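Open the structure in your viewer and keep the selection tool ready. The tour makes a few stops, and each one says what to select and what is there.

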Amino acid sequence: MKTKEVENERLTEWVDGKAIPRMDLRYNGHERCLRKLAILEDKEQPKLVKILRLDEDVKVGNLNFKAGCKLEKCPACDSFISNDTYCRYCGQRLRRYGHAHEGL
């Protein structure tokens, strides 16, 4: 199963106030739940953003960036990012150079 499919699939249901694997998963429900949990835990661990210094002019969306400009990219999905705590495209938690981890 592909990672994206695992991320988007609901694997649990609430029964008597407890989250349990869906009953229709039967044989591999626990394994699939644990795989999804591991993927989500990995995304919660902050990864250092990539800083890209442009060698030439680049257009990103509606914006034009001149050569020499610095842009940040998500370390997980390689998308251009803004000054966010999480990547808006893949959900990866982000960390920047010289910033302390608050709440970790």
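**Stop 1: a pocket**

Select Val60, Phe65, Leu71, Glu72, Phe80, Ile81, Ser82, Arg88 and Tyr89, which line the second largest pocket. This is a predicted model, and the pocket has a volume of about 200 Å³. Colour the selection by class: the lining has six nonpolar, one polar and two charged residues. Next, show strand 7 (70-73) and strand 8 (80-81), since each of them supplies at least two residues of this lining. A probe the size of a water molecule, rolled over the atoms, shows where empty space is left.

**Stop 2: the whole chain**

Clear the selection and switch to a cartoon view. You should find two helices and nine strands in the protein. Followed from the N terminus, the elements come in the order α-β-β-α-β-β-β-β-β-β-β. How much of the protein counts as buried? Of its 104 residues, 24% do. If you turn to contacts with a separation of 6 or more, 35% of them in the protein are between residues 24 or more positions apart.

**Stop 3: helix 2**

Select residues 29-44, which form helix 2. Its 16 residues, at 1.5 Å a residue, should span 22 Å, and the end C-alpha atoms are 23 Å apart, which agrees.

Now pick out Gly29, Arg32, Cys33, Lys36, Ile39 and Lys43: these residues of helix 2 are buried. They cover an arc of only 125° around the axis, so they sit on the same side of helix 2. The general rule is that an α-helix has 3.6 residues a turn, so residues three or four places apart point the same way.

Turn the view to the other side of helix 2 and select His30, Glu31, Leu34 and Asp42. Are these residues buried or exposed? They are exposed.

**Stop 4: Gly68**

Go to the loop between strand 6 (63-65) and strand 7, where Gly68 lies. Gly68 counts as partly exposed because its relative accessibility is 36%, and partly exposed covers values between 20% and 50%.

Which residues does Gly68 touch, leaving aside its neighbours within four places in sequence? Select Arg53 and Leu54, for Gly68 is in contact with both. Finally, use the distance tool on the C-alpha atoms of Gly68 and Leu52: they are separated by 9.3 Å, and the two residues are 16 residues apart along the chain.

Methods
Residues numbered from 1 in each chain as written. Predicted model: local features only at pLDDT ≥ 70, side-chain atom pairs only at ≥ 80, totals over all residues. Heavy atoms only, no water. Helix = DSSP H or I, 4+ residues; strand = E, 2+ residues; numbered from the N terminus. Expected span 1.5 Å × (residues − 1). Buried < 20%, exposed > 50% of the residue type's maximum accessible area, 1.4 Å probe, protein only. Arc of directions from axis to C-beta. 1 Å grid on protein atoms, 1.4 Å probe; cavity = no way out; pocket = protein on both sides within 12 Å on 5 of 7 lines; lining within 4 Å. Points joined across faces, edges and corners; volume = space filled by probe spheres on them. Nonpolar A, V, L, I, M, F, W, Y, C, P; charged D, E, K, R; others polar. Contact = heavy atoms within 4.5 Å.
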